[in-house]
Amino acid sequence: MSTPINVVITGAAGQIGYAIMFRIAKGDVFGCNQKINLHLLEIEPALPALNGCIMELQDCAFPNLAGVFPTANPEEAFKDADACFLIGAFPRKDGMDRSALLQKNGGIFRVQGEAIGKFAKKTVKVLVVGNPANTNCLICQHYAGASLKNENFSAMTRLDHNRMLGEIAARLNVTTDKVKKVIVWGNHSNTQVDDASHATVELADGVKAVYGALPQADLEGEFAQKIATRGGAVIKARGASSAASAANAAITQMRDWWCSTPEGDWVSMAIPVPDDEPYGIKKGIIYSFPVVVKQGVVEVVKGLECNAHIQAGMKKTEDELIAEKQAAYEALNIQ
Ligand code: NAI
C-alpha cells in the first residue's frame, strides 16, 4: 500500500475546483495505485460550499482517497505538500484596471508563495492555473524564496495546447491521438502563439505535416485567432467560463510533469525561463515552451526552426510578460 501524497487545491469550491477534485481523487493524475490526501484551500465564506463538495467526495467512496482537509489557512494547506494546483484567484471585475488586478492577485500569490516556501516539501510541484497565470506563478515563486527552484513551478498553458489538438483533429476528421507536436509559446493570454508549424498528423496514407494538410494561412490566421479567443467563445455560449476543460488541462499538465511525457511527442508548459535562455527568451519571466519531461525533469525542446511570423509573435508575447511583471512588481513594491 502506498504512503499518501499531499495534494493541494486552492479555490476548491470554485467551478474548476469542483471539476478537478473528483478526478484527482479517482486517480487521473497520480495513478490508481497512489493514495492521496486532499488539502482544500478556500476563503472563509466559501467553506460551507466546500463542505458540500466534501460530502460528495465521501459519497464517491474513492478507494485511493486517504483524507480530506478543508482550510482557509494557507500554512495548514501547504504543509508537506507534494503537488499544488493553485486555481483560486481574484477575478477581473468591470472597470478594474490591470494594475489593480495584478495587485489583488499579487496579494494572494504572495501569501501562498510564502507558505509554500516555508511548509511544502522541497520537491513540490506547483501548477498555477488562476489568471493571470504566468505572472501569478512568477509572484508565487518570488515569495517562495530561494529554498525552492525553477523546477518547482509551472503555469498552465495546457488548455490552449489541448484546444489546438482538438481543433486540428476536428478539421482533419481524426482523433486527437493522431495529432502531435503542437506548441503554445509565451503567455496564457491573447498574445500567446499557437504554433502548428512543427505539428504532424497521422492520416490514412501516413504521417503528414499539419502545415500542408491544412492551409498555412489559415493556421497562422483564423485558426490561431480561434484558439486564442476560445475562452471568450465558451463564456458566450455557456454563460460561464471553461471549467471541465480547464480542470482536464490541469490534470494532464500535472500528470505529464509527474509521470513523464509520452514518447515521440512534447507538451506545452509555462516555466521559469531556464538559464540558457532558449530561443532568445530572457530569464525572469514564466514563458510557455515545448517541453519533454523524463522522471520529473522538464527540458525545453531545442533547435526548432521558427518562421518569421512565429518569431514575431514569440517576441510580442515575451514583451507582454515583461510588462506584466513590471506592473506586478510595482504594485507589490518588489525591487
Ligand atoms: P471561480 O470563481 O468559480 O472559483 C474561484 C475560487 O477561488 C472561488 O471559490 C473563490 O472563493 C476561491 N478563492 C479566491 N481567493 C482565494 C484565496 N485567496 N485562497 C483560496 N481560494 C480563493 O473561478 P474558476 O472558474 O474556478 O477559475 C479559477 C481561475 O482559473 C480564474 O482565475 C480563471 O481565470 C483561471 N483559469 C485559467 C485557465 C488557464 O488556462 N490558465 C483556464 C480557465 C480558467
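How far is an oxygen atom of the ligand from a polar backbone atom of Gln15? In this predicted model, the separation is 2.9 Å. A polar backbone atom of Ile16 also faces a ligand oxygen atom, at 3.0 Å. On the nitrogen side of the ligand chemistry, a nitrogen atom of the ligand lies 3.3 Å from a backbone N or O atom of Val129. The protein buries 78% of the 870 Å² that the ligand exposes when taken alone.

The ligand occupies the largest pocket. Two elements, α1 (15-26) and α4 (98-119), each contribute two or more residues to the shell around the ligand. In total, 23 residues surround the ligand, and those that come nearest are Gln15, Ile16, Glu42, Val129 and Asn131. By residue class, the shell consists of 13 nonpolar, nine polar and one charged residue. Both domains take part in the shell: domain 1 (5-155) supplies at least three residues, and domain 2 (158-323) likewise supplies at least three.

Two features of the backbone were also noted. Asn131, one of the residues that come nearest to the ligand, is joined to Pro132 by a cis peptide bond, with omega near -5 degrees. Pro132 is located in the loop that connects β5 (125-128) with α5 (133-144). The other feature concerns Ala61, a residue other than glycine with a positive phi, near 55 degrees. Ala61 is found in the loop between α2 (47-60) and β3 (65-71). Both conformations depart from the common case, because most residues other than glycine have a negative phi and most peptide bonds are trans.

Definitions and conventions: Residues numbered from 1 in each chain as written. Predicted model: local features only at pLDDT ≥ 70, side-chain atom pairs only at ≥ 80, totals over all residues. Heavy atoms only, no water. Near = heavy atom within 4 Å. Polar contact = N/O pair within 3.5 Å; in protein donor to acceptor, adjacent residues only side chain to side chain. Areas by Shrake-Rupley, 256 points an atom, 1.4 Å probe, with all protein chains shown as cover. 1 Å grid on protein atoms, 1.4 Å probe; cavity = no way out; pocket = protein on both sides within 12 Å on 5 of 7 lines; lining within 4 Å. Sits in = over half its atoms within 2 Å of the grid points. Helix = DSSP H or I, 4+ residues; strand = E, 2+ residues; numbered from the N terminus. Nonpolar A, V, L, I, M, F, W, Y, C, P; charged D, E, K, R; others polar. Domains from an automatic or database assignment.
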